[in-house]
Each structure stands twice: as structure tokens, then as C-alpha cells.
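This report covers the overall make-up of one protein model and then its unusual backbone geometry. The sequence and structure are shown first.

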Amino acid sequence: MASRQYENFDLLFESLADGTFRSRVAASPVGAGASATFAMPFDATELENLLLKLDPGRSQMRRASADPRPKASVELGGRLFDAAFGEEVLLAWTRSQDATREAGEGLRLRLQLTDAPVIAGLPWELLYDRRSNTFPAQSERTPVVRYLEVVQPPRPLAVEGPLRILVVLSSPTDLPELDVEAEWRRMQDLLAPRVESGAVHLDRLPAPTTGELAAWLRSHDTHVLHVIGHGDYDETQQEGVLYFCDQYGRSLPVPAGVLGPYLHDHDPLRLVFLNACQSGRLGAADPFSGMAGRLVQQDCTAVVAMQFPVSDGAATAFTGEFYAALADGMPVDQAVTSARKGLLAGYASEWATPVLYLNAPDGQVFEGVAPSAAPPAGAPAETSRIPAPAAPPLPRRRPGRGRLIGIAAVAAAAVAAVAVFAITRGSDGSRDAGPEGTPAASSLSTSPASASAVASPPAGVVPPVTTATVAYRPVEGPQITARRLATPPTIDGRGEDWPATAPVVADYLVAGNTATVKGLWSLGWDPDNLYLLVQVVDPEVTTTNAQNPARLFQGDAVTLQFGSPGANADGINLSPGDVSLSIGPNGGGGAVSALTLGSGPTFDVDAGRAAPSAKAGAVAGAGGYTVEAALPWSVIRMSDVPGPTPPAAATQFGANLLVDDADPAPGSQTGIRSRVSNNRYVSDHTPNDGGYRRYWGLLTLGS
């Protein structure tokens with residue numbers, strides 16, 4: 001469908017002194033002035049019942065087996081339409097539709113609700129015309145927008161290149177967990193054709209904090225801000241909030257009064273997309289009190305928000321179709337309507353959940369969106385300044401032991417089907433490396449048989465590689481990022497000089513019957529060290545047994561499993577160079593560390609040794625302890641682990657983050673009560689560690 005030209009049908013709503021309301025045509029293709037007076041078309045009980053059917057989450061009741069939303073949508077939308085489109089208004093609407101249809105144009109319904117705050121929060125997107133049994137908002141001929149008139153209407157932005165979208169993924173540790181990584185992967189997958197063509201450029205904010213957002217906007221042009229996370233509406237304060245993270249990963253409510261100034265001053269920004277429940281809701285007293293409305297008031301040209309809770313599937317489907325339409329040059333209101341239609345087949349009950357707020361005279365907020373010019377031959381493709389690696393596909397469920405045995409049994413056959421690269425060494429034994437840590441062109445070679453048959457791996461996915469004897473396959477676990485630290489932190493176990501960043505949460509139980517601890521990991525790096533800051537929630541802190549470093553992991557300790565970004569393709573053994581480093585509090589403000597090398601299929605715990613070169617500190621407090629460490633690359637990175645030396649930004653490694661809780665019973669210091677991980681696919685109940693090597697996470701060194 002090509003981009004449409006639209007005429008505006010402006011319907012202004014006003015509250016009258018007697019408690020009724022007036023709808024008045026402020027502008028239309030057939031003139032202005034038509035009006036209708038109406039009372040609220042529902043009493044309080046009727047309205048609440050209808051809203052409960054549209055948003056079952058408003059009550060604690062389970063949803064009935066038959067979805068009540070379609071019928072409630074027609075009932076509520078029909079009564080709203082009948083009330084607002086009285087005789088004169090309905091005549092003007094019908095004649096305007098006829099005029100624009102004859103001219104080959106569309107008719108944009110702009111609802112101006114500023115002067116009627118009592119009804120501004122109703123779901124007007126559900127307006128239902130019983131005469132034709134249609135919802136105007138489902139047709140690209142009649143998109144419905146909430147128009148908020150501002151003093152200085154913005155002009156369309158001349159993009160002249162790809163549409164640049166910055167994605168903020170926020171799942172604070174003290175709120176219900178959101179699978180933001182899966183959402184990020186789905187967004188990448190849906191927009192992959194537009195990204196590959198150069199019409200869209202996706203970036204990911206390194207951490208969901210206001211500080212990171214401010215830093216990004218200072219140094220990058222961003223056209224669209226896309227927020228995935230939790231939202232809410234504060235009834236007491238009568239304002240909407242989004243939940244970003246504080247420096248410890250906990251929820252930080254951010255109202256529009258805080259977020260708005262950041263966006264107001266970023267000139268290229270024209271659109272904000274809030275994939276957060278309740279982000280589109282308004283207050284009864286002030287139509288600008290909702291998050292979306294307030295952002296528009298603060299000069300965001302267009303805001304797409306959610307007025308009801310939205311399912312992951314519907315949010316993803318809407319997002320993909322919306323950005324595809326926008327990249328194709330559609331006005332934002334036509335793109336929203338096109339995306340609404342995309343929900344009708346699989347998510348018919350949620351098509352009216354997205355709401356568009358607009359302060360532009362029309363929906364054309366961008367001009368000149370087009371694929372970026374192809375780089376000269378031999379030039380590298382454009383990438384984000386702070387890379388957001390593409391996530392490898394995660395298994396749908398954690399494999400059982402039987403499945404692992406099957407993997408090991410067929411591994412030899414699988415290796416034959418894998419494209420194999422060889423890493424060559426110089427005469428001095430060092431790896432040849434190209435710029436930015438990538439292998440030099442001469443250092444990679446493929447077998448003639450496989451070079452033509454196997455496509456290049458996607459960006460961010462580790463290609464299968466070999467040393468002299470080992471073939472590798474990509475790891476499939478979660479993404480982890482270590483932040484580049486400009487100044488080394490003081491290693492004292494306090495972490496007071498670390499920059500704010502959202503931690504990686506380790507709370508998946510992988511050993512024991514009940515998770516008794518949780519770890520909040522932050523990682524940083526510089527050319528000398530990998531840095532760890534781990535805040536452990538543990539109600540019974542037990543001092544680590546420093547006399548037995550080989551068994552340190554069986555006390556209160558944090559453990560980093562670290563090694564090659566590729567898993568041993570035989571499915572049985574660990575990858576060469578894999579290490580397991582444990583650090584625990586010694587009770588005196590310090591910490592004890594121990595290193596265990598991978599040996600065949602397992603980490604040989606009886607061959608562990610102290611790691612004095614690792615500088616560590618630990619501080620115990622009420623309800624837990626904090627471990628901080630500086631790990632020299634020479635300690636944790638064996639010679640078999642590929643990559644530039646010293647490491648550079650975008651270098652990747654395999655990693656898992658673990659926390660062990662010792663049994664506090666007297667004499668049980670060598671027993672584990674529970675072990676948790678950031679990676680749900682890691683299990684302690686396997687015959688060997690190598691069997692799970694393919695499910696390790698992928699650690700990327702950020703900028």
C-alpha cells in the first residue's frame with residue numbers, strides 16, 4: 001500500500017457546566033461548525049464493567065474461557081460513536097468521507113480532548129460505526145489520532161538516510177521479570193530485511209538508566225526512541241511513569257517531567273514508542289498527565305503508547321509492521337493503522353491497545369527515509385558506536401539429560417556439517433590480528449569444499465573455528481556485556497566508584513532444591529583486567545574456607561566460568577582454555593580466589609589452585625555480601641582462547657555467572673545448599689560440564 005495523502009477532520013470535545021459534553025467540528029473538508037451535545041453514554045458501573053472486559057488485568061479475576069473483549073469493544077465503541085457523532089457531526093463526517101474518497105485521499109480523524117478531561121481517558125480508538133459495522137481506526141482511509149495542539153507545531157524531519165531507532169530494554173530486578181532479550185531478538189528478526197537494506201538502523205542502549213540515555217543522545221543522532229519495559233499510572237500523583245533502572249538494577253520511576261527534557265533537546269527525535277503497559281493512559285483531571293500526553297506536550301512530535309496491557313506476541317507483531325510501514329515512507333498515523341490491521345488475524349482482541357498521540361499538523365513526521373548509501377568496495381559496513389550484538393537463538397526449553405546424551409552421541413556426525421575455519425599462528429606463536437581486534441584477512445581460511453556451500457554467519461555470532469585439533473560451534477546462551485571502564489575501580493568490595501549500569505541477575509536454580517541466594521553481577525574491562533562487582537543477597541553469610549581453594553566453589557562464593565566464545569563441537573568436552581574462577585569473602589574485609597582449569601569434560605575441582613594475581617575484596621552486610629575483583633587477562637585467559645591481545649571492544653568470550661550458597665550448619669562448610677546462575681540452561685546435575693558447553697552465555701566487551 002502506497003503512502004496516502006490525508007485531509008483532517010478535527011473533532012473538538014468540550015465539558016459543559018451542566019455535566020454534559022459538546023463535540024464540535026473544528027475543521028473538515030466540508031467546513032466547520034457542526035456540533036452535538038451529549039451526556040456520558042455509560043453510568044459508572046457500566047463503564048467499569050466494560051473496561052474490566054477490555055482489560056481483565058484491572059481485576060484479580062481469571063479471564064473467562066470465552067474472550068469478552070470483542071463484544072465489549074463493539075458495545076463501548078458503538079455507544080461512544082453514537083454520542084459524539086450526533087446528527088450534524090455525523091452529516092459532516094459522512095460528507096467529508098465522500099469528498100476525500102472522490103479526491104483519492106484519506107480522512108484523518110483528529111480527536112481534540114484537552115477541554116474534556118473527564119472523557120479523555122476513554123478508549124476512543126474503539127469508535128464503532130453501526131451503520132457500516134466498522135471501526136474507523138481499522139482503516140487506513142480513516143486513521144484515528146489523539147491530537148494535542150501545541151504552540152509551535154513541528155515540521156517533518158528530513159532524514160536523508162536510514163531511520164535510526166534507539167531501543168531501551170528495562171527489566172528492573174524488583175519488578176516482575178520481562179524477557180527483554182527475547183523481545184530484542186524478535187525486534188531484530190522482524191526488522192532484519194529493513195536493516196539489511198539500509199532503511200533502518202537499530203541501536204540498543206547499553207544500560208536502561210537515564211544517565212546512559214543522556215550520554216547516548218549527546219553523541220548520536222536518534223530519530224525514534226523505543227522503550228520496552230514496565231509502565232504504570234500513579235493515581236495519587238495523577239501522572240504516568242516508566243520504570244528505568246538505578247545503578248543497582250532496581251526500579252526507578254521516571255515520569256514525563258524527567259524524561260521529557262532529554263527528548264525535547266534532541267533535535268532529530270520525532271517519535272517515541274512506549275511498549276509498556278498503561279503508558280497511554282490519561283488522568284481524569286489533566287489530559288496531559290499521562291506519560292504519552294505529557295511527552296507530546298514537551299515537544300515530542302508523535303508518541304505511540306499502550307492504553308491496556310499488551311501480550312508479547314501482539315507487541316512484537318505491531319512493532320514489526322509499524323516500523324516496516326514507517327520505513328516505507330508512510331505517515332505515522334497510516335503506519336499505526338497498517339500495524340493495527342496486522343493484529344486482526346492473530347491478536348484480534350488487542351488491535352485497539354496502541355494509541356497514537358500527535359502534535360504535528362499531519363502524520364508526516366519524517367521525510368526522505370531511504371536506504372543508506374552502499375559503502376565503497378572493501379569498506380566495512382556501518383555499525384553502532386556501542387555494539388549491540390545479535391543474540392543467538394535460545395533453546396525453547398532446558399534440555400533434559402537424555403537430550404544431552406543424544407547430543408554427545410551425534411556430535412561427531414554434526415561436526416562434518418559445520419563450516420570450519422582455521423586460526424593460524426605467527427612464528428612466535430601469537431595470533432595475527434587485524435584492526436579493532438578482528439583477525440587479519442590472511443589468518444582465516446576455509447576448506448574449498450565448504451567455502452561455497454556455507455553462508456557467512458550473522459553479525460555477532462561466533463563462526464565455528466578450529467585450533468589444530470578442535471572444532472567449535474556458536475554458544476546459545478544469554479548475552480552479557482562488560483562495560484569499558486575509563487578509570488579502574490578501587491578494589492575494596494564496596495563498588496562505590498562503578499558507573500551506573502543494570503546488573504545481570506543470577507537467580508536460576510541449577511543445584512539444590514531451593515534457591516537461597518541471588519547475585520547481581522556488573523562487569524567492566526580495560527586492556528589490563530576484567531572487573532567484577534557482585535552484590536549477593538544471602539541471609540546467612542558463611543566465611544569461605546580459605547584452606548581449600550580447590551573446593552572454594554562449595555562455600556559462599558561467586559564463580560565466573562570463562563573461555564572461548566565457541567563451544568567444543570564434539571558435545572562432550574570443554575573448550576580448550578576454559579577456566580572456572582571462584583571468589584569468596586574471608587571474613588576480614590578481604591576475599592579468597594581460586595582458579596580451576598577445564599580438563600576434558602569437566603572442571604577438575606581437585607586440581608584447583610589459588611589465584612594470587614587476582615585482586616579481590618569482599619564486604620559483608622545485612623542480608624548479604626559484595627565481592628569486587630580485578631582479574632588480569634593473563635590469569636583467566638588461556639593461550640587457547642582466540643582473540644586480540646590485549647582485548648578490544650567487541651571481542652567476545654563464553655561465560656557463565658554463578659553464585660554458591662554454603663550450608664551454614666556446623667561442620668558443613670564444604671557442602672553447597674544451592675547454586676544459582678544467570679543462565680537457565682546451565683545445570684549442575686550433569687555427568688560433565690562439557691555437555692552443557694554449547695549453552696554458555698556470550699560475553700561481549702562493550703565500548
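The protein exposes about 29300 Å², and carbon and sulfur atoms supply 51% of that area. The model is a predicted one. Of its 703 residues, 53% count as buried.

The secondary structure consists of 13 helices and 36 strands. Where residues at least 6 apart in sequence are in contact, 73% of these contacts join residues at least 24 apart.

Some backbone geometry deserves a separate look. Most residues other than glycine have a negative phi, and most peptide bonds are trans. Two residues with a positive phi are listed below, with their location and relative accessibility.

| Residue | Phi | Location | Relative accessibility |
|---|---|---|---|
| Asn133 | about 55° | loop between α4 (117-120) and β5 (144-147) | 55%, exposed |
| Ala650 | about 80° | loop between α13 and β34 | 42%, partly exposed |

Neither Asn133 nor Ala650 is a glycine. Asn133 counts as exposed because its relative accessibility of 55% is over the 50% cut-off. Ala650, at 42%, lies between the cut-offs of 20% and 50%, so this residue counts as partly exposed.

The peptide bond between Thr645 and Pro646 is cis, with omega at about -5°. Pro646 sits in the loop between α13 (633-636) and β34 (652-662). The loop between α13 and β34 is also the place of Ala650, so this loop holds both the proline of the cis bond and a residue with positive phi that is partly exposed.

Note on methods
Residues are numbered from 1 along each chain as its sequence is written. This is a predicted model: local features need pLDDT of at least 70, side-chain atom pairs count only at pLDDT 80 or more; totals for chains, interfaces and linings use all residues. Side-chain values use heavy atoms; hydrogens and water are left out. Helices (H or I, at least four residues) and strands (E, at least two) are DSSP runs, numbered from the N terminus. Buried means under 20% relative accessible area, exposed over 50%, partly exposed in between (1.4 Å probe, protein chains only). Contact means heavy atoms within 4.5 Å. Accessible areas come from the Shrake-Rupley method with a 1.4 Å probe; for residues, only the protein chains shown count as cover.
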